[in-house]
Amino acid sequence: MNRLYIPELLAPAGSLDKLYSAFTYGADAVYIGGPQFGLRHRAGNFTLEDIAIGCSFAHSRQKKVYVVMNIFPWNDDFNGLDEYLRHLCEVGADAVIVSDPVLQRKAHEVGLVTHISTQASCVNSAEAQFWGARGASRIVPGRELSIEAAAELATRSGVEIEMFVHGSLCMSFSGKCLISNFTTGRDANRGGCVQSCRWGYQVVQRDGSLSESLCHPLNSLDLMGLRLLPMFCKAGIHSLKIEGRMKSNLYLAAVISSYRQALDALACGAPVAWEKLEKRIAMVSNRGFTQGSLVAPAARESVALERSGYHVAVEYIGDIVSVHDGRGLLVVRKSARSQHCLSALLPDGTVFPVGILTTLDGEPVDHASPGSGVVVSGMSQPHVVVYREL
């Protein structure tokens with residue numbers, strides 16, 4: 001009996017602490033942004049030193065780090081490129097994710113593995129073969145493609161395929177959007193997107209009057225492909241990518257642990273607790289969910305026309321950053337009080353009730369302010385998130 005192919009689980013990491021969380025909760029690899037050449041200027045991008053630390057941490061655990069360089073560069077953007085690529089080689093970055101053919105060529109020439117970003121809009125086998133012939137080892141096809149269509153690219157080109165499986169969806173063609181340019185003067189294709197697609201707009205009626213309420217015609221629901229994991233596995237998709245370098249550690253913990261548990265169950269032929277995992281995912285901020293174009297082209301049902309906000313069932317309190325003799329140091333992100341019912345989400349999906357918060361000296365803490373550190377008893381590992389239900 002042939003074993004089911006289990007894809008790599010690839011998670012976002014906007015900072016070192018998010019990288020630690022991603023690996024703690026089951027990611028096989030992370031993608032990060034450095035100080036240059038990425039499309040997320042507002043994300044907590046890594047310094048050169050952070051990249052080295054992150055790669056060392058990952059490799060000590062047999063994990064991988066991919067560095068995003070998916071900008072569409074103008075002439076001035078090439079300044080410092082060669083030095084940056086050499087640094088990534090030196091610290092052992094496992095791949096760079098690029099959109100531009102010149103960046104891909106330069107990265108390949110210095111010995112870096114190259115992955116082609118979804119921003120490159122690869123949606124046909126000929127283009128996949130084009131990139132493969134130039135040394136690219138993996139392609140992230142346009143999100144317009146279905147699982148079946150993406151698998152065909154792999155079959156015809158021999159190049160690995162990575163697909164988005166969860167997270168925010170962009171309404172433009174593979175991320176090529178100019179709305180931010182016109183509404184705020186910030187270039188979305190050079191790292192300045194302000195997500196104008198999430199804004200509410202008034203509609204001009206045929207008689208020239210304005211609609212009484214705002215509508216959100218470009219506001220897509222979030223992608224969730226959890227129930228489609230068997231299809232991804234059978235199609236031989238090499239890597240499943242979670243979106244969200246700007247999302248919280250709680251988002252990472254809930255989403256990554258859920259996909260990890262589902263993939264592990266599929267790997268050993270065990271039943272998957274789909275509803276339980278979906279409930280865990282839905283507790284963190286989301287816009288509602290759609291399968292996007294993973295099976296059939298996205299349609300009207302994929303747009304949240306009437307609203308733009310998030311559904312939130314829990315509040316992220318902070319992270320256990322270190323553990324000693326069962327006492328975990330909780331770095332507080334949001335205010336917490338003694339009467340709050342706090343919980344820690346463990347990597348196996350178990351919810352651990354957090355008891356009394358204390359100081360390092362063991363004194364009870366009635367109120368923990370953001371930025372403070374308090375002690376939680378009964379913890380066995382670091383990089384675990386703490387939250388409370390709303």
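**Notes on a predicted model: helices, a buried glutamate and some cysteines**

1. Let's start with a pair of helices. Helices α1 and α2 count as roughly parallel to each other, because angles under 35 degrees fall in that class, and their axes cross at roughly 15 degrees. Keep in mind as you look that this is a predicted model. α1 covers residues 16-24 and α2 covers residues 48-59, and the two axes come within 10 Å. The crossing of this pair is right-handed.

2. Who does the touching here? On the α1 side, look for Leu16, Leu19, Tyr20 and Phe23; on the α2 side, for Asp50, Ile53, Gly54, Phe57 and Ala58. Sorted by class, that contact has 7 nonpolar residues, 1 polar and 1 charged.

3. Stay with α1 for a moment. How many of its residues are buried? The count is 8 of 9, so α1 is mostly covered. The buried ones are Leu16, Lys18, Leu19, Tyr20, Ser21, Ala22, Phe23 and Thr24. If you're wondering what they pack against, α2 is one of the partners, and the others are the strands β1, β2 (29-33), β3 (64-69) and β11 (314-324), plus α9 (249-267). Just past the end of α1, have a look at glycine 26, which takes a positive phi of about 115 degrees.

4. Now compare a second helix pair, α5 (residues 125-133) and α6 (residues 147-157). Their axes come within 9 Å and cross at roughly 50 degrees, and therefore the two helices are oblique to each other. This crossing is right-handed. From α5, the residues involved are Ser125, Ala128 and Gln129, and they meet Glu152, Leu153, Arg156 and Ser157 of α6. The class tally for this contact is 2 nonpolar, 3 polar and 2 charged residues.

5. Just along the chain, try valine 123, which sits in the loop between β5 (114-116) and α5. Is valine 123 buried or partly exposed? Its relative accessible area is 31%, so it counts as partly exposed. Leaving out residues up to four places away in sequence, valine 123 touches Gly142, Glu144, Leu145 and Leu153. Leu153 also turns up in the α5 and α6 contact, on the α6 side. One more thing to try in the viewer: valine 123 and serine 174 are 51 residues apart in sequence, and their C-alpha atoms are 9.7 Å apart in space.

6. Here's a charged residue to look at: glutamate 8, in strand β1 (residues 8-12). Why does it count as buried? Its relative accessibility is 11%, and buried means under 20%, so glutamate 8 makes the cut. Setting aside neighbours within four places in sequence, glutamate 8 is in contact with Asp28, Ala29, Lys64, Tyr66, Arg138, His238, Ser239 and Leu240.

7. Last, the cysteines. A disulfide is a covalent bond between the sulfur atoms of two cysteines. How many does the structure hold? The count is 0. Take cysteine 193: the closest cysteine sulfur, in cysteine 177, is 6.0 Å from its own, which is too far for a bond. For cysteine 233, the closest cysteine sulfur is in cysteine 268 at 12 Å, again too far for a bond. The two also get separate labels for burial: cysteine 193 is partly exposed at 26% relative accessibility, whereas cysteine 233 is buried at 3%.

Note on methods. Residues numbered from 1 in each chain as written. Predicted model: local features only at pLDDT ≥ 70, side-chain atom pairs only at ≥ 80, totals over all residues. Heavy atoms only, no water. Axes fitted to C-alpha atoms, helices over the stretch in contact; angles between N-to-C directions. Helix = DSSP H or I, 4+ residues; strand = E, 2+ residues; numbered from the N terminus. Parallel < 35°, antiparallel > 145°, perpendicular 65-115°, else oblique. Left-handed = near helix turned anticlockwise from the far one by under 90°. Contact = heavy atoms within 4.5 Å. Nonpolar A, V, L, I, M, F, W, Y, C, P; charged D, E, K, R; others polar. Buried < 20%, exposed > 50% of the residue type's maximum accessible area, 1.4 Å probe, protein only. Disulfide = S-S within 2.5 Å.
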